[in-house]
Structure formats: C-alpha cells, structure tokens
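Thanks for sending this one over. Here are my comments, numbered so you can follow along with the model open.

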Amino acid sequence: MARRAAALDAAMAERDVEHLVIYGANRFGSAVGWLTRWPVTREAVVVHTPGERDVLLVNFYNHVPNAQRIATETDVRWAGERPAISATEELERRRGRGRRIGVIGSLSYGAHVTLEALASEVVDMNASYTRRRLVKSPEEIAWIRIAAQMTDDAIRELHATAIPGTDERELGDIVERAYTARGGTTHIHYFGATSMDAPALSVPAQWPSTRRLERGDVLTCEISAAFWEYSAQLLRTFTVAAEPTAQYRDLHDVADAAFHAIVARLRPGAAAADLVAASQVIEDAGFTIRDDLVHGFVGGYLPPVLGSSSRTLTDVPDFTFEAGMTVVVQPNVVTPDETAGVQTGELMLVTGDGAESLHHYPRGLLRVA
C-alpha cells in the first residue's frame, strides 16, 4: 500500500499536481480500491495529498463502518449528501484552492464544475494511473492466482454440469456456485449457444437469454471470477452432447494455432505489432474475429487492446511488453459472415523470458453432456 501511494505521488510530481481526487460509483472505480482497499459500493471519493493521511468519503452512510474496517490506512468518513462538496471542503482544509488538482475516475458534470471552481486547473490523471497498473507486484500476482483457480473451478463445474435443457441463466448459477462460497465474486460470465448445423451466433452474449441448450449445439463462454478486485479470465468452447462439425473443428484448430503463435511471441521487449502479425494465421485460413484478440487485464481493461489484420478498429499502438504485465490472449475466430465462431484463451503473465498461463484448465474444443 505504501508503494502504491508513493507511485501516485511520483505521478503527481510529473504533472505538477498538488492534490488528487479519486472517484468511483456503482461498484466501478478501481483506483479507489487500489489505494485504500475499499471496493467501491454506491459512491466513494478519495482525497490524496503527498505527506498527509488520505481521506475516504463513502456513501451510503451504512457503508461507512465496513469501509473503516477495510480501509485501515485512511480516514473514512460519510460522503454526505453531495460528495463533491465534501471533497472540496477537505481540499480547502488542505489549502487546495487555486492549486492544480488531479482527478482519477469519471466525475459527473456537476462534480467537475464544483472542483473546477476550486482549482486553478483540473488535471486528468487517468492515463498516469493506468500506466502504473500495467506491471503487477508479486502480491498482486498472488491474488490473481487465487482468482485464476476460482475461474478454473467455474469452468470445471460448467463442463461437468451443463446438459441439454440447461438455459443460459442456469449456466450463470452453475459457475458462480464454484467460487462464491470461497469469497470469490463475479467479474463477468458471458455465454452463447447456437446450433452447429445452423449457426447464428459467433460470440458470447453479455446478457443471458432463456434459450436452453440442445443436443448438437456449440456453447462458447468467457468467465472471470474475482478475488476482491483481482480477476482472471478463461475462454472455452464446448460442443453439447455431440461431436463437432467440420466447420467448428476447423474454426477451433485455427483459434488454437493463433493462440500458440501469439503466446510464442509474448515476452519482455515484444511489440504489440508482433502479436498482431502472429495472428495472421486467422486470415490465412479465411476467417476473421469479432472480439478483441489481446488486451491487458486486471485493474481494468488495460492496454494494449489489439485486433487482427482483418478486424482493426484503431491503429496498432506503439506498445512494448514488460515482465509482470498480465494480458488475455483470446482469439475469437469467426466465419466472415459471423454466423459461427469459437472462443479460446486465458490470462497470461509476462515473465522474464516468455509468458506463463495463470490457468490450469485443459485447452482444446471440449464437450459437455
């Protein structure tokens, strides 16, 4: 925790910022938990000044006692009816009027106006924060490994339990039962099922439908269990009580080839462009992708976010990988008309000489029932 505060102090010095406001709401705002250990519930604001004790302003009022037990390095208070006003009052006490004040998180328009009236300049520090989340500490990696084991267990339960007749809402219940009793929480669980003989879906859905699995379906999934705010990610494809069709076997063979080609290039000093080039096997086979090919993960949806050559939404960034970064490699190989697709992949740790999977669940085109 002391290292994190020092890292923020260094970022503030780089931008000539004297005070920092960190904001989160409705269970979003990773910087709040990173600095204080308090996962955001309804609303939370941190006032951080180098050399002074942090103040954590929490809503709702009944959430304050729990926050006091968890955020032990901070002065925890009720945020009041207008958290932005409470934050500016604290900044006034810290002689923040007329100073450059940094912000991390997404402030509402009204909160930004309130802060702008106090500061000489409001400085966006989100990119500075994100850079400091890219390389994980040993302590963070230890917690990510716990999340990865929980995520593996979720896929194991899905693999063992899903049968024809199970609907997508019940699939969510299956995977959550694998980790909630051990303190895990759900970051995401996405599912998508369609007939292999007449496919009409190429990527998992973010909201479950009431469709029931049928014999001869293909089921794709993207599962992330979390331990506190440290989550892992595992992507797999299953056939349902049937052998894969030739089309799905081909799709998954290409996805596996792309996964291994990308991982073979993932190491310190590798460029983002190297990983995109490694995915060319997808286009060479006549396929494309819909989902992102690679993205940084844990502490947010982090850089670099990459597509393949046939699905490039933005220019390939000038990005170099370092040891300690965690990234999801997830080639979602789909047909050009996007009627059929597969998911495979998992969270990888960039090590000193390559990359290590943080998961231990079998790869390949699997089968339920």
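Below are some notes on a sheet and on the cavities.

1. Before anything else, keep in mind that this is a predicted model. Everything that follows is computed from that prediction.

2. Start with the sheet. Six strands make it up, and it is an open one with mixed pairing. Going across, the order reads β4-β3-β2-β1-β5-β6. The edge positions go to β4 (75-78) and β6 (121-124); each has a single partner strand, so one side of each has no neighbour in the sheet. On average, neighbouring strands here are turned by 25° against each other, direction ignored.

3. For a closer look at one end of that order, try β5 and β6. β5 covers residues 100-104, and its pairing with β6 is parallel, over four bridges. If you want a residue pair to click on, Ile-101 has Val-122 in β6 as its bridge partner.

4. Now for the empty space inside. How many cavities of 30 Å³ or more are there? The count comes to three. The largest has a volume of about 70 Å³, while the second largest holds about 40 Å³.

5. What lines the largest cavity? The residues are Val-21, Tyr-23, Val-45, Pro-83, Ala-84, Ala-87, Thr-88, Leu-107, Ala-111 and Leu-115. At least two of the lining residues come from each of β1 (19-25), α4 (83-93) and α5 (109-118). Helix α4 supplies the largest share, four residues. By character, the lining splits into nine nonpolar residues and one polar, with no charged ones. Note that β1, one of these contributors, is also a strand of the six-stranded sheet in point 2.

6. The second largest cavity sits among another set of residues: Leu-134, Lys-136, Gly-296, Phe-297, Leu-302, Pro-303, Pro-304, Phe-319, Met-325, Thr-326 and Val-327. Here the elements giving two or more residues to the lining are β12 (294-297), β13 (301-306) and β14 (326-329). Strand β13 gives the most, with three.

7. One last thing to check on screen is the character of that second lining. It divides into eight nonpolar residues, two polar and one charged. For the largest cavity, the count of charged lining residues was none.

Conventions:
Residues numbered from 1 in each chain as written. Predicted model: local features only at pLDDT ≥ 70, side-chain atom pairs only at ≥ 80, totals over all residues. Heavy atoms only, no water. Pairing = 2+ DSSP bridges. Axes fitted to C-alpha atoms, helices over the stretch in contact; angles between N-to-C directions. 1 Å grid on protein atoms, 1.4 Å probe; cavity = no way out; pocket = protein on both sides within 12 Å on 5 of 7 lines; lining within 4 Å. Points joined across faces, edges and corners; volume = space filled by probe spheres on them. Nonpolar A, V, L, I, M, F, W, Y, C, P; charged D, E, K, R; others polar.
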